[in-house]
Amino acid sequence: MTILIGLFIAGASLIGGFAALGGKVSVLWQPWELLIILGVAVGAFVVANPMKTIRGTVFAVSDALRNAVPNKREYLDVLALLYGLMRELRAKGRNQVEPHIEDPNTSQIFQKYPTVLRNANLTTFICDYFRLIIVGNARAHEIEALMDEELQTIHRDQMKPFHAMSSVADALPAIGIIAAVLGVIKAMGAIDQSPQLLGSLIGAALVGTFVGIFFSYSLFGPLAVKIKSVRESRLRTYIVVKQTLLAFMNGADPQIALEHGRKTISDHDRPTIDEVENETMSAGSGGDNVQDLQGAA
């Protein structure tokens, strides 16, 4: 919604200001200039990126337009799921936990939290590291190093649409100049015509430069930044999982381990200690005490 509002403000200011200066708004409508600029930009985008990145960019734009970032409910689900698995591991042992991580789609614990299950990559991330904990041979610092490496890989993959969109934004001013040059070539072909016709042709050519710069700095560039912001926010859930599991591996009780993860959530979306406590209690946490959490905060 904020993207649409911003585009409306930019477009209204642009067209309104141009009209207020006495310009003819109809002159700005040059569909063939738009075809040249957008067609060349899309073609260059396809040349520069593999099909997986192209598809990923489409999904990334959709996520950016919807502002698909984790909310408090999703963070609570992640924390409650981790608590359920940690409590199950501590109370019942490895054999009882292994079926949950081997097939999370049929696990009663995972099924309580569909927002986590819908994120297949996050579900795999959780299961993989619980599997390493169950094996029992890896040390906490080794797991942390492995997590850091995987998170860097995930970050690189998640930022590919951002880099692809940024490249298009950087190229658009030059592509606009290409369209303008073609327009000038057309105008030079009519050099023997009336000044009025020649002026309209040159004006149409200059629209290409304007459109390229406007699209670069007012549409594609901000959209790329929005993609980056959304993707980085979605990576925050992985950090929550990482810090929670590392605390658990270092001997913290499940409820205290949750606090390590909760503290990595930004203030705007971070659930309170009481909210986490109520969530884990509703998941069957038993007699864990909120005072232990408050002492860790």
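**Exercise 1. Place T244.**
Determine whether T244 is buried or exposed, and list what T244 touches.

*Solution.*
- Start with accessibility. The relative accessibility of T244 is 0%, so T244 counts as buried. Buried means under 20% relative accessible area, exposed over 50%, and partly exposed in between, with a 1.4 Å probe and protein chains only.
- Note the source. The model is predicted: local features need pLDDT of at least 70, side-chain atom pairs count only at pLDDT 80 or more, and totals for chains, interfaces and linings use all residues. Residues are numbered from 1 along each chain as its sequence is written, and side-chain values use heavy atoms, with hydrogens and water left out.
- Find the element. T244 belongs to helix 11. Helices are DSSP runs (H or I, at least four residues), as are strands (E, at least two), numbered from the N terminus.
- List the contacts (heavy atoms within 4.5 Å). With neighbours within four places in sequence set aside, T244 touches L79, L82, M86, A257, L258 and G261.
- Add a distance. From C-alpha to C-alpha, T244 and F8 are 43 Å apart, and 236 residues separate them in sequence.

**Exercise 2. Describe the largest nonpolar core.**
State how many residues the largest nonpolar core has, and which helices supply it.

*Solution.*
- Fix the term. A nonpolar core is a set of buried Ala, Val, Leu, Ile, Met, Phe, Trp, Tyr and Cys residues joined through side-chain atoms within 4.5 Å.
- Count. The largest such core holds 43 residues. L81, L82, F125, I126, F130, V241 and L245 have the most contacts inside it.
- Assign helices. At least two core residues come from each of helix 4 (72–92), helix 5 (94–102), helix 6 (108–111), helix 8 (120–135), helix 9 (140–158), helix 11 (195–249) and helix 12 (254–262). Helix 4 contributes the most, eleven residues.
- Zoom in on V241. Beyond four places in sequence, V241 contacts V78, L82, L122, F125 and I126.
- Look for a further core. Another one, of 24 residues, lies apart; L34, F45, M165 and V211 are among its members.
- Recall the background. In soluble globular proteins, nonpolar side chains tend to be buried together.

**Exercise 3. Work through salt bridges.**
For the pairs D63 with R66 and D77 with R73, give the N to O distance and the burial of each partner.

*Solution.*
- Fix the term. A salt bridge puts a side-chain nitrogen of Lys or Arg within 4 Å of a carboxyl oxygen of Asp or Glu. The whole structure has 14.
- Take D63 and R66. Their side chains meet at 2.6 Å, N to O. They sit three residues apart in helix 3, about one helical turn. D63 is buried at 10% relative accessibility, whereas R66 is exposed at 55%.
- Take D77 and R73. This bridge spans 2.9 Å, N to O. Both residues lie in helix 4, four residues apart, about one turn. D77 is buried at 6%; R73 is partly exposed at 38%.
- Apply the helix rule. An α-helix has 3.6 residues a turn, so residues three or four places apart point the same way.
- Compare D267 with R270. Their closest N and O atoms are 3.2 Å apart. D267 is exposed at 63%, and R270 is partly exposed at 22%.
- Join the bridges. Shared partners link D63, R66 and R234 into one network.
- Check the surroundings of D77. E279, in helix 13 (residues 273–282), is buried at 15%. Outside its sequence neighbours within four places, E279 contacts R73, L76, D77, A80 and Y113.

**Exercise 4. Check helix 10.**
Find the span of helix 10 and the residue at which helix 10 bends.

*Solution.*
- Span. Helix 10 (residues 160–188) has 29 residues and reaches 42 Å between its end C-alpha atoms, close to the 42 Å expected. The expected span is 1.5 Å times one less than the number of residues.
- Bend. Helix 10 bends by about 40° at L172, with the proline P173 following within four residues. The bend is the angle between axes fitted to the seven residues ending there and the seven starting there.

**Exercise 5. Judge confidence.**
Locate where the confidence of the chain is lowest and where it is highest.

*Solution.*
- Overall. Mean pLDDT, the predictor's confidence in each residue from 0 to 100, is 88 for the chain, and 94% of residues reach 70 or more.
- Extremes. Helix 14 (residues 290–296) is lowest, at a mean of 42, and helix 3 highest, at 94.
- Weak stretch. pLDDT is below 50 over residues 284–297, a stretch with 27 contacts in the model beyond near neighbours in sequence.
- Caution. Where pLDDT is low, the predicted coordinates should not be read in detail.
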